[in-house]
Amino acid sequence: MLERLIEKLDALSQDFEQKAASVKTEQELQALRVEFLGKKGHLTQFFRHLAELPPEQKPLLGQKVNQLKNQFQKRIQEISDSLQNKAVSAAEIDVTLPGNRPFAGRLHPLMQVLDEIKEIFKGMGFTVEMGPEAETDYYNFEALNIPKDHPSRDLQDTFYLAHNQMLLRTHTSPVQIRTMESRKPPIRIIAPGRCFRNDTPDATHSPMFHQVEGLVVDEGVSFADLKGVLLSFMQKLFGKNTKIRFRPSFFPFTEPSAEYDVSCIMCGGKGCRVCKDTGWLEISGAGMVDPAVFGFVEYDAEKYTGYAFGMGVERIAMLKYQIGDIRMFYENNVRFLTQF
Ligand code: PHE
């Protein structure tokens, strides 16, 4: 009698495990629970058999039945947990919901404009040169024909590095000198980079800003070449109807010198708020390389001529994108930056 019952219990255990393995829903799990552990369930019936057994056999079977009961309960709990987990993760990964786009970085608008400027000049045969941001007085001023007592130094007051007599360059023009010192003509370069001036920040001034320098030196280079290159550049940047004009000006390192303007990109030259009704927008300075500068780099001024020009990257970006305040470039406001 006892052996038969124990065999039956083993068979029951196997039957339970088999059925448990195929449970896929909460309902199926409930049915399994009723079938094995319910009031009229398989296991409950065994407790009835207990009564029929001789007293010395009761504990053994009782123990077996209890073990099985615990085993079933534990297994049912496990299945229940895993069904719940599946339900939760199924709800979390709803493939029909729109995804969360990760925030992608991008180039700063100034760097985008700078890239565009570089591409246009590369297309005209220019190469890109770099120079240091901390310069010596010689490269930033002296060799550009700006001696110590020259009044034009006042316009470019900068930050001096007291410990090594250097300074933060006030313009990219020192790269002209560095390039000419290191090679012979023909030279056809642009030099983009950061510049610094001791200016109080306002809507149009920043103590740190960017320029692109241009320098061409060869035999027979004329002011007409300068005009042609700048016109072609501005038309590629602002559109083919863009015009440029030159106004006489002064820079110690160019002679003759000029400041150049582009026709207003907003009104096309008719006059509007952006160009203050003049029809023109100021860009920067340019001119023919002063023979005195050739003296500093030991170029033969009788043989070679050259032109140089500068341009402010912020100025161009502000015109291109209609940005009213230069400080917006440096504030790192994401709502501003993500517009470009
Ligand atoms: N370096 C001048 C400036 O910063 C601009 C310039 C460059 C003028 C080259 C003439 C030639 O104002």
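**Exercises on the ligand shell and the domains**

β10 contributes three residues to the shell around the ligand, the most of any element. The model is predicted.

**Exercise 1.** State which residues come nearest to the ligand, and find the polar side-chain contacts that His171, Ser173 and Gln211 make with it.

*Solution.* Step 1: the ligand has 15 residues around it, and the nearest are His171, Ser173, Arg197, Gln211 and Glu213.
Step 2: apply the cut-off for a polar contact, a pair of N or O atoms within 3.5 Å.
Step 3: look at the nitrogen atoms of the ligand. A polar side-chain atom of His171 is 3.0 Å from a ligand nitrogen, and one of Ser173 is 2.9 Å from a ligand nitrogen.
Step 4: turn to oxygen. Gln211 places a polar side-chain atom 2.9 Å from an oxygen atom of the ligand.

**Exercise 2.** Determine how much of the ligand's exposed area the protein buries, and which elements give two or more residues to the shell.

*Solution.* Step 1: on its own, the ligand exposes 330 Å².
Step 2: the protein buries 94% of that area.
Step 3: β6 (208-218), β9 (280-289) and β10 (305-312) are the elements that give two or more residues to the shell.

**Exercise 3.** Sort the shell residues by class.

*Solution.* Five residues of the shell around the ligand are nonpolar, eight are polar and two are charged.

**Exercise 4.** Give the domain division and the separation of the domain centres.

*Solution.* Step 1: domain 1 covers 2-90 and domain 2 covers 109-337.
Step 2: taken over C-alpha atoms, the centres of domain 1 and domain 2 are 87 Å apart.

Key:
Residues are numbered from 1 along each chain as its sequence is written. This is a predicted model: local features need pLDDT of at least 70, side-chain atom pairs count only at pLDDT 80 or more; totals for chains, interfaces and linings use all residues. Side-chain values use heavy atoms; hydrogens and water are left out. Domain bounds come from an automatic or database domain assignment. A residue is near a molecule or strand if one of its heavy atoms lies within 4 Å of it. A polar contact is a pair of N or O atoms within 3.5 Å; within protein, one must be able to donate a hydrogen and the other to accept it, and residues adjacent in sequence count only if both atoms are side-chain atoms. Accessible areas come from the Shrake-Rupley method with a 1.4 Å probe; for residues, only the protein chains shown count as cover. Helices (H or I, at least four residues) and strands (E, at least two) are DSSP runs, numbered from the N terminus. Ala, Val, Leu, Ile, Met, Phe, Trp, Tyr, Cys and Pro count as nonpolar, Asp, Glu, Lys and Arg as charged, and the others, Gly among them, as polar.
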